[in-house]
Amino acid sequence: MLCPCCGKEVSNQATACPGCGQPFLGDSSPKSRAAVALLAFFVGVFGIHRFYVGKVGTGILQIITLGGLGFWTLFDFIMALCGTFTDKEGRKVTRW
Ligand SMILES: [Zn+2]
C-alpha cells in the first residue's frame, strides 16, 4: 500500500510509515489478533475478547447467553484467526 501522508510504498504489515513516521491506524485495529483468539478460546463464553476490543454491549450479551452456547464464541474465534474480527470502531484486528 501507499502511505496516505507522503505516498511512499509501504508494507501492508507496517504499523507506521518508515519514510515520514505516519502511524497507520486507518482500517486496522491496534489490538492484538493473538490476544483476541486466545481470549475467545479460553474465556470466550464470558465475552472477554469482546470487552478487550471495546465491544462491551455484545460482551455482556455473550455472558448472558454463554457465548451463544459456545457457537457465537467459536465464530468469533474463527474470525479472529482469519483476521476478520473487528473492534469497537469497526477496524479489523489484523495485527498478531
Ligand atoms: Zn509516509
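**Exercise 1.** Which domains does the domain assignment of the protein give, and what separates their centres?

*Solution.* Start with the bounds, which come from an automatic or database domain assignment: domain 1 covers 1–27 and domain 2 covers 33–82. Next, take the centres over C-alpha atoms; domain 1 and domain 2 turn out to sit 30 Å apart. For scale, the C-alpha trace spans about 50 × 20 × 15 Å along its principal axes.

Two notes before going on. This is a predicted model, where local features need pLDDT of at least 70, side-chain atom pairs count only at pLDDT 80 or more, and totals for chains, interfaces and linings use all residues. Residues are numbered from 1 along each chain as its sequence is written.

**Exercise 2.** How many helices and strands are in the protein?

*Solution.* Take the DSSP runs, numbered from the N terminus: helices are H or I with at least four residues, strands are E with at least two. That gives four helices and zero strands, in the order α-α-α-α from the N terminus on.

**Exercise 3.** At what angle do the axes of helix 3 and helix 4 cross, and which residues make the contact?

*Solution.* First, fit lines to the C-alpha atoms over the stretch in contact, with angles from 0 to 180 degrees between N-to-C directions. The axes of helix 3 (residues 56–69) and helix 4 (residues 71–82) cross at roughly 70° and come within 3 Å. So helix 3 is roughly perpendicular to helix 4 (65 to 115 degrees). Then list the contacts (C-beta atoms, placed from the backbone, within 7 Å): helix 3 brings Gln62, Gly67, Gly68 and Leu69, while helix 4 brings Phe71, Trp72 and Thr73.

Terms used: Parallel < 35°, antiparallel > 145°, perpendicular 65-115°, else oblique. Contact = placed C-beta atoms within 7 Å.
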